[in-house]
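The exercises below are meant to be worked through with the sequence and the coordinates side by side. Each one sets a task and then gives a solution in steps.

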Amino acid sequence: MLLLGSSAAGEQTAQLSQDFTALTNGLFAVPIRWPWTTYGKALKARDRLLDHISQVIQDRIAHPGADALSLLVQSIDEDGDRLSLEEIKVQALLMLFAGHETTTSMLSSLVMVLAQHPEVLAKARQEQLELAQTGALSLSQLKQMPYLEQILKEVERLFPPVGGGFRGVVKALSFNGYQVPAGWQALYRIDAAHKDERCFSNPATFDPDRFSPERAEQKRFEFSLVGFGGGPRICLGLAFAQMEMKIVAALLLRKHRWELLPQQDLSLSAIPTLHPKSGLRVRFGDL
Ligand code: HEM
């Protein structure tokens with residue numbers, strides 16, 4: 001909605017969502033392009049998504065709105081150049097793609113871990129119910145949820161949706177006795193940093209209070225909490241994703257209770273983004 005300004009509903013949204021899942025699955029698949037392989041299905045899904053985005057772009061050129069895509073199609077740089085249709089298409093797909101599975105993964109982990117830690121859930125609910133007495137959820141309320149922020153940081157730490165990222169090595173370096181030549185690709189592991197005992201005490205334990213102002217464990221070392229990456233290429237959607245997750249979490253805590261259904265395999269699989277192996281089956285009800 002915010003990016004494409006599209007209010008695609010029902011069937012179309014479900015198809016777009018399925019296409020994103022198929023595209024993400026293809027990221028780590030064996031690159032064989034037959035129509036029935038994971039990779040082949042991912043390419044087909046990508047083409048459908050690009051077709052959809054193309055149609056929306058044509059529409060935004062004709063009728064610009066307040067969404068990010070309308071800004072992109074209208075933007076002109078200091079030399080008077082515009083982005084080409086092809087550039088806008090791939091940028092739009094990148095942003096939709098980067099934000100889709102990641103946010104879904106982290107919100108699922110949040111729902112799972114709160115159901116497993118009723119004392120944390122009760123404290124988070126208390127914070128929300130007190131805020132709700134001052135009015136409906138608003139931008140200013142979003143800035144007054146320190147405990148929910150601690151929980152979201154702990155979910156980012158213990159359940160990072162993305163396992164790592166690549167960096168091109170521009171200058172030869174030596175690290176832990178290894179020589180890494182220029183021109184190589186180095187993979188930084190997000191989950192390894194989050195489980196490092198030098199950074200976080202009892203790293204396997206779910207403990208949102210490690211991010212309280214008194215303990216602030218993330219401040220022991222720079223780049224220890226890196227669920228959104230770090231440095232100049234840090235996640236472009238960081239602020240948006242954090243706000244989106246806070247809104248969903250706040251509304252869930254204010255209005256709903258939930259429980260995990262029995263007989264499901266909650267062990268985690270990291271590919272394409274972190275998720276319980278059998279998905280997550282939850283029963284939601286009203287408070
Ligand atoms: C929980 C949600 C999200 C997580 C955990 C996440 C995580 C990440 C990570 C780990 C990176 C790599 C950063 C690096 O290499 O240092 C990244 C990059 C990126 N993310 Fe996110 N992301 C999330 C949501 C979003 C959303 C909602 C958007 C778009 C609206 C988005 C757009 C991007 C883009 C465009 C990049 C590439 C930035 C660049 O290379 O300069 N992400 N994200």
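What follows is a set of four exercises on a predicted model, each with its solution.

**Exercise 1. Describe the shell of residues around the ligand, and state which residues come nearest and which elements contribute to the shell.**

Solution. Begin with the membership of the shell: there are 22 residues around the ligand, and those that come nearest are Arg 167, Tyr 188, Gly 230, Arg 233 and Cys 235. Next, look at the polar atoms that face oxygen atoms of the ligand, taking 3.5 Å between N or O atoms as the cut-off for a polar contact. Arg 167 places a polar side-chain atom 2.6 Å from a ligand oxygen, and Arg 233 likewise has a polar side-chain atom at 2.7 Å from an oxygen atom of the ligand. Gly 230 takes part through its backbone, where an N or O atom lies 3.3 Å from an oxygen atom of the ligand. Turning to secondary structure, the elements that supply two or more residues to this shell are helix H4 (85-116) and helix H9 (238-255), and H4 gives the most, with six residues. Finally, sort the shell by class, which yields 13 nonpolar, seven polar and two charged residues.

**Exercise 2. Characterise the interface between domain 1 and domain 2 by its extent, its chemistry and the elements that form it.**

Solution. First fix the bounds: the domain assignment gives domain 1 as 1-83 and domain 2 as 84-286, and their centres, taken over C-alpha atoms, are 24 Å apart. The contact draws 23 residues from domain 1 and 15 residues from domain 2. For the extent, recall that the size of an interface is often expressed as the accessible area lost when the parts come together. Here the two domains bury about 1900 Å² between them, with 85% of it on carbon and sulfur atoms. Then examine the polar side of the interface: the count of salt bridges between domain 1 and domain 2 is zero, while two residue pairs are in polar contact across it. On the side of domain 1 that touches domain 2, helices H1 (11-26), H2 (38-62) and H3 (68-74) are the elements giving two or more residues, and H2 gives the most, with seven residues. By class, that side of domain 1 comprises 15 nonpolar, six polar and two charged residues.

**Exercise 3. How is the salt bridge between Glu 154 and Arg 157 placed within its helix?**

Solution. Start from the whole structure, in which a search finds 15 salt bridges. One pair to inspect is Glu 154 and Arg 157, whose side chains meet in a salt bridge with an N to O distance of 2.7 Å. Both residues belong to helix H7 (residues 146-158), where they are three residues apart, about one turn of the helix.

**Exercise 4. Where do the cis peptide bond and the positive phi of Asn 176 occur?**

Solution. As background, most peptide bonds are trans, and most residues other than glycine have a negative phi. The cis bond joins Ile 271 and Pro 272, with omega about 0°, and Pro 272 sits in the loop between strand E6 (268-269) and strand E7 (275-276). Asn 176 has a positive phi, near 50°, and its place is the loop between strand E2 (173-175) and strand E3 (178-180).

Note on methods
Residues are numbered from 1 along each chain as its sequence is written. This is a predicted model: local features need pLDDT of at least 70, side-chain atom pairs count only at pLDDT 80 or more; totals for chains, interfaces and linings use all residues. Side-chain values use heavy atoms; hydrogens and water are left out. A residue is near a molecule or strand if one of its heavy atoms lies within 4 Å of it. A polar contact is a pair of N or O atoms within 3.5 Å; within protein, one must be able to donate a hydrogen and the other to accept it, and residues adjacent in sequence count only if both atoms are side-chain atoms. Helices (H or I, at least four residues) and strands (E, at least two) are DSSP runs, numbered from the N terminus. Ala, Val, Leu, Ile, Met, Phe, Trp, Tyr, Cys and Pro count as nonpolar, Asp, Glu, Lys and Arg as charged, and the others, Gly among them, as polar. Domain bounds come from an automatic or database domain assignment. Contact means heavy atoms within 4.5 Å. Buried area is the accessible area (1.4 Å probe) that two parts lose on being put together, summed over both. A salt bridge is a side-chain nitrogen of Lys or Arg within 4 Å of a carboxyl oxygen of Asp or Glu.
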